[in-house]
Amino acid sequence: MQAQMLAPAAVLVVWTLIVLLWIIPSRFGAIAKLEDKSALAAKQGARGNDLEGVIPDKANWPSHNHTHLHEQPTLFYAVSAILAIVGAGALDVTLAWVYVGLRIVHSLWQILVNKVPVRFLLFLASTTVLIVLAVRAVMATAFADPGMAPQ
């Protein structure tokens, strides 16, 4: 089950990179449509956050989601590694796939629709799955029987 436990984490990494690439046409397309680009040209060393309020909000949604994919999912990566190391069970693998599925749906919702009540429910659902995975990781490590370890 070790490789199977790592597969959802690998898919979430790829999804995060897809969202990163999604930012490019979204932002550059919005910048190209700006009539007055002086606000962008005037600031040396501008960052993505500087586009807030300059381009339409929807053009920034992929970037907002990309940021979210670097927050809570980092805990998922750690939990996935812990469970893969100690030996994940079928339930762990299933929960990991559910978590990744929820995060992808959350991303699509935030980038395309971005109605906060639904987005929050998706976040809450994925958080609940992550909590269960984290508790299972604690149980698999803190309550492991050292006598069962290979010599």
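The points below concern the helices and nonpolar cores of a predicted model.

1. Helix α5, residues 90-112, is a reasonable place to begin. At 1.5 Å a residue its 23 residues should span 33 Å, and the end C-alpha atoms are 33 Å apart, so the length of α5 agrees with expectation. Beyond the helix comes Asn114, whose phi is positive, near 60 degrees.

2. The buried residues of α5 are Asp92, Val93, Leu95, Ala96, Tyr99, Val100, Leu102, Arg103, His106, Ser107, Gln110 and Ile111, a list in which Asp92 and Arg103 appear alongside Leu95 and Ile111. The elements that cover these buried positions include α1, α3, α4 and α6.

3. Leu102, which lies in α5 and is buried there, touches Leu122, Ala125, Ser126 and Val129, once residues up to four places away in sequence are set aside. From the other side of this pairing, Val129 is in contact with Leu95, Val98, Tyr99 and Leu102, again leaving aside its neighbours within four places in sequence. By contrast, Leu102 and Val54 are 48 residues apart in sequence and 31 Å apart in space, taken C-alpha to C-alpha.

4. The largest nonpolar core has 23 residues, and the members that touch the most others are Met5, Leu12, Phe76, Leu83, Tyr99, Val129 and Leu133. At least two residues of this core are supplied by each of α1, α4, α5 and α6, with the largest share, 7 residues, coming from α5. A second core, separate from this one, consists of 6 residues and includes Ala30, Ile31, Leu51 and Ile55.

5. Helix α4 (residues 73-86) and helix α6 (residues 116-142) have axes that come within 9 Å of each other and cross at roughly 35 degrees, and the crossing is left-handed. On the α4 side the contact is made by Leu75, Phe76, Val79, Ile82, Leu83 and Val86, and on the α6 side by Leu130, Leu133, Ala134, Arg136, Ala137, Ala140 and Thr141. By class, this contact has 11 nonpolar, 1 polar and 1 charged residues. Phe76, Leu83 and Leu133, which take part in the contact, are also among the core members that touch the most others.

6. Helix α3, residues 57-68, has 12 residues and reaches 16 Å from its first C-alpha to its last, close to the 16 Å expected at 1.5 Å a residue. Its buried residues are Ala59, Asn60, Trp61, Pro62, Ser63, Asn65 and His66, and they pack against α1 and α5.

7. Two residues of helix α1 (residues 2-33) deserve separate comment, namely Ser26 and Leu20. Ser26 counts as buried because its relative accessible area, 17%, falls under the 20% limit. Setting aside residues up to four places away in sequence, Ser26 touches Lys58, Ala59 and Pro62; Ala59 and Pro62 are themselves listed among the buried residues of α3. Leu20, at 36% relative accessibility, is partly exposed, because that value lies between the 20% and 50% limits. The C-alpha atoms of Leu20 and Thr94 are separated by 26 Å, and the two residues are 74 residues apart along the chain.

Notes. Residues are numbered from 1 along each chain as its sequence is written. This is a predicted model: local features need pLDDT of at least 70, side-chain atom pairs count only at pLDDT 80 or more; totals for chains, interfaces and linings use all residues. Side-chain values use heavy atoms; hydrogens and water are left out. Helices (H or I, at least four residues) and strands (E, at least two) are DSSP runs, numbered from the N terminus. Contact means heavy atoms within 4.5 Å. Axes are lines fitted to C-alpha atoms, for helices over the stretch in contact, and angles run from 0 to 180 degrees between N-to-C directions. A crossing is left-handed if the near helix is turned anticlockwise from the far one by less than a right angle, and right-handed if clockwise. Ala, Val, Leu, Ile, Met, Phe, Trp, Tyr, Cys and Pro count as nonpolar, Asp, Glu, Lys and Arg as charged, and the others, Gly among them, as polar. Buried means under 20% relative accessible area, exposed over 50%, partly exposed in between (1.4 Å probe, protein chains only). A nonpolar core is a set of buried Ala, Val, Leu, Ile, Met, Phe, Trp, Tyr and Cys residues joined through side-chain atoms within 4.5 Å. The expected span of a helix is 1.5 Å times one less than its number of residues.
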